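Work through the exercises below with the sequence and the model open. Each task is followed by its solution.

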Amino acid sequence: MNENQTKKDVSTRTRRAIIDALKHQGGMDVTSLSSQFSLSGMAIRQHLNALKEEGFVTHVEETRPMGRPTKRWILTPAADQFFPSGYSDLSVSLIQSMKEAFGEEGLNQLLAVRNQKIQKQYAQHLEGAANVREKLEKLAEIRTIEGYMAEVKEQEDGRLLFIEKHCPICAAAAVCTGLCKNELHLFRTVLGNEVQIERGEYMLAGGRNCIYTVVPVKK
């Protein structure tokens with residue numbers, strides 16, 4: 001492999017890593033990216049400009065309490081191709097076909113069967129969790145394996161946030177809202193009656209993530 005090819009491969013890996021970082025963080029400035037990747041600001045800008053030309057990133061102006069506004073770099077919808085899609089075209093086609101063949105009621109019955117199978121899988125994965133936090137961590141683990149890029153964060157008031165940064169079934173969920181309704185019901189079932197869980201931010205409603213607030217029930 002010649003030197004030019006090696007440099008090209010390094011640039012490709014770095015740009016993919018930047019895309020992953022922006023997906024996780026939801027937007028970053030050059031200073032933050034430079035610190036994370038141990039690269040100069042100039043090098044980061046070169047990568048960002050290349051990604052912008054390819055249509056994968058853009059930037060918004062972000063005001064600061066002091067000093068001039070800064071650019072916060074974010075992903076465009078075109079960058080979704082780098083993350084699991086759950087065979088979106090096929091899924092949408094199958095859902096539409098099932099609606100035509102079985103009607104809305106028949107489709108809901110099929111989704112219920114799917115939900116029961118997933119519920120059993122999740123329940124097995126959560127076995128042995130000692131408390132709500134451990135249950136959520138295990139749930140985030142299996143959801144991340146499925147492509148949802150999930151994590152758990154604790155708020156200052158003790159509430160727990162279950163955050164999914166990517167939705168591999170987003171296209172299918174857009175034409176079948178029952179998928180999202182079933183997921184909220186699924187979470188409530190596997191976490192048990194010791195918690196209350198509500199969905200706040202929601203990707204299909206324009207949110208950047210799907211965020212669930214989890215509050216332990218006082219006994």
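**Exercise 1.** Classify Lys 153 and its salt-bridge partner by exposure.

Solution. In this predicted model, Lys 153 has a relative accessibility of 42% and counts as partly exposed, because the class between buried and exposed runs from 20% to 50%. The partner is Glu 151, with 3.7 Å from N to O. Glu 151, at 24%, is also partly exposed.

**Exercise 2.** Classify the two residues of the salt bridge between Arg 159 and Asp 157.

Solution. The closest N and O atoms are 2.8 Å apart. Arg 159 has a relative accessible area of 33%, hence partly exposed. Asp 157 reaches 52% and counts as exposed, because the cut-off for that class is over 50%.

**Exercise 3.** State which elements the salt bridge between Glu 154 and Arg 133 links.

Solution. The N to O distance is 3.3 Å. Glu 154 lies in strand β3 (residues 150-154) and Arg 133 in helix α5 (residues 132-145), 21 residues apart. Arg 133 is partly exposed at 30%. The whole structure has eleven salt bridges.

**Exercise 4.** Describe the largest cavity and the part α7 plays in its lining.

Solution. The search finds one cavity of 30 Å³ or more, and the largest cavity holds about 70 Å³. Its lining has nine nonpolar, no polar and three charged residues. Both α7 (178-191) and β6 (210-216) give at least two residues to this lining; the lining residues include Cys 180, Glu 183, Cys 210 and Tyr 212. In α7, ten of 14 residues are buried, among them Cys 180 and Glu 183. Gly 192, with a positive phi near 85 degrees, follows α7.

Conventions
Residues are numbered from 1 along each chain as its sequence is written. This is a predicted model: local features need pLDDT of at least 70, side-chain atom pairs count only at pLDDT 80 or more; totals for chains, interfaces and linings use all residues. Side-chain values use heavy atoms; hydrogens and water are left out. On a 1 Å grid over the protein atoms alone, a cavity is a set of points where a 1.4 Å probe fits but cannot get out, and a pocket is an open set with protein on both sides within 12 Å along at least five of seven lines; lining residues have an atom within 4 Å of a point. Grid points are joined across faces, edges and corners, and a volume is the space filled by probe spheres set on the points. Helices (H or I, at least four residues) and strands (E, at least two) are DSSP runs, numbered from the N terminus. Ala, Val, Leu, Ile, Met, Phe, Trp, Tyr, Cys and Pro count as nonpolar, Asp, Glu, Lys and Arg as charged, and the others, Gly among them, as polar. Buried means under 20% relative accessible area, exposed over 50%, partly exposed in between (1.4 Å probe, protein chains only). A salt bridge is a side-chain nitrogen of Lys or Arg within 4 Å of a carboxyl oxygen of Asp or Glu.
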